[in-house]
Amino acid sequence: MIGLSLIEKARTVLEGHHGFRYNFLANSKALDELTTSYLNSPDGGLAILHGPPKCGITTVLETFAASQEFEPIWPRCEEFFSRTSIIDHVMDAVGIRFDHEFTVSIPAGLVEFAALSGRRIIIFDGLEDYLALKNNVSNILSGLDQLISSSAKFFVVVTTQNIKLLQKCRSFKSEKMHEVELILGNTARDSEDFMNCFWGWSNKLLALNVGLSCDLKKLAMSSPNSTSLASLLTRLELLYAAALMADAGDMSIYSFSDLEILEWEVLNALYS
């Protein structure tokens, strides 16, 4: 993107094509704990990853999965499998044909697959979804127990917002069960770090050195919804584009105290 004009670079950021992703310290801590749990479970285990909505659980799972030498098995919870166990979902995810409708033990084909492929991590993101597919808590827990106790030595990661499922999963043998909790980061310190990371990311991406002043930070945090990262990111995209145009001499960003007026001016400068 170095060869783009300033206007094109400003549009890139304003339109959200910067690829910026942010992990809170809490997410990094959760990722470290999850990775450690896996490394400490050579004979199989269960990791329960949980936290409030929109705390970054899926991001942690994706980062964990991407860091593995062998791709984890990530079953889909599909309605047309409503008469099968979670083990059957795992078999479908790796393309193994079903020998019978109800699986009561780990099929030899699944054990052989794990041995040959090295894929012994299984991720169930949203374990409660299986309750809607004519499975009960007992059947789900039985399937998990069979997976982590099998000769394939599966390491199973589950996420859930269902309190009953969470409590039941905690009842597994202590040496087999690992619990990782995420918190929702929305403190002033988180927001400050978020702004600095986004600004640095954008400067590096575009090979620029646009300054992030205290006045710009105050303007970014001036919204009543300043603790929402999605809202904060939208304002930062606008302010970065405006600051870039100001450095080019096309506008004076500090003459605006209202973000709505500033947005109109930026859009007018970039697209008119």
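Mentor: Vocabulary first: a residue is buried if its relative accessible area is under 20%, exposed if over 50%, and partly exposed in between (1.4 Å probe, protein chains only). We're looking at a predicted model, where local features need pLDDT of at least 70, side-chain atom pairs count only at pLDDT 80 or more, and totals for chains, interfaces and linings use all residues. Residues are numbered from 1 along each chain as its sequence is written, and side-chain values use heavy atoms, leaving out hydrogens and water.

Trainee: Okay, why does C197 count as partly exposed?

Mentor: Its relative accessibility is 31%. That falls between the two cut-offs, so "partly exposed" is the right label.

Trainee: And what about C169, is it buried or exposed?

Mentor: C169 has a relative accessible area of 0%. That is under the buried cut-off, so we call C169 buried. Across the 272 residues of the protein, 47% get that label.

Trainee: With cysteines around, how many disulfides does a search of the whole structure find?

Mentor: Zero. To count as a disulfide, a pair of cysteine sulfur atoms must lie within 2.5 Å, and the search turned up no such pair.

Trainee: How many helices and strands are in the protein, and how do you know?

Mentor: Eleven helices and four strands. They are DSSP runs numbered from the N terminus: helices are H or I with at least four residues, strands are E with at least two.

Trainee: How do you know which strands pair in the sheet, and in what order they sit?

Mentor: Two strands pair if DSSP finds at least two bridges between them. Here five bridges join β2 to β3, β1 and β3 pair over five bridges, and five bridges join β1 to β4. Each of those counts meets the minimum, so each pair qualifies. The result is an open sheet in the order β2-β3-β1-β4, with parallel pairing.

Trainee: What makes β2 and β4 the edge strands?

Mentor: Each of them pairs on one side only. From strand to strand, the twist averages 15°. Angles like this run from 0 to 180 degrees between N-to-C directions, and axes are lines fitted to C-alpha atoms, for helices over the stretch in contact.

Trainee: Which residues stand opposite each other as bridge partners in β3?

Mentor: A47 is partnered by V157, and L49 by T159. Also, I122 stands opposite V156. Over in β4, E179 stands opposite I48.

Trainee: Why is β3 called largely enclosed?

Mentor: Five of its five residues are buried, so the rest of the structure largely encloses β3. F155, V157 and T159 cover one side, V156 and V158 the other. β1 gets the same description because six of its six residues are buried: G45, A47 and L49 point one way, L46, I48 and H50 the other.

Trainee: What lies across β1, β2 and β3?

Mentor: α6 does, running at about 150° to β3. Helix α3 (residues 57–66) also packs on the sheet, touching those strands at about 165° to the direction of β2.

Trainee: What makes the buried residues of α5 line one face of the helix?

Mentor: L110, F113 and A114 are the buried ones. Seen down the axis, they fall within an arc of 95° (the arc is that of the directions from the helix axis to the C-beta atoms), so they line one face. A108, A115 and L116, on the other side, are exposed. The buried residues pack against α4 and α6, where contact means heavy atoms within 4.5 Å.

Trainee: Which residues touch the most other members of the largest nonpolar core?

Mentor: L46, L110, F124, L144, L147 and V156, out of 32 residues. The set is called a nonpolar core because its members are buried Ala, Val, Leu, Ile, Met, Phe, Trp, Tyr or Cys residues joined through side-chain atoms within 4.5 Å. α6 gives the most, six residues. Apart from this core lies another, of 28 residues, including F194 and L206.
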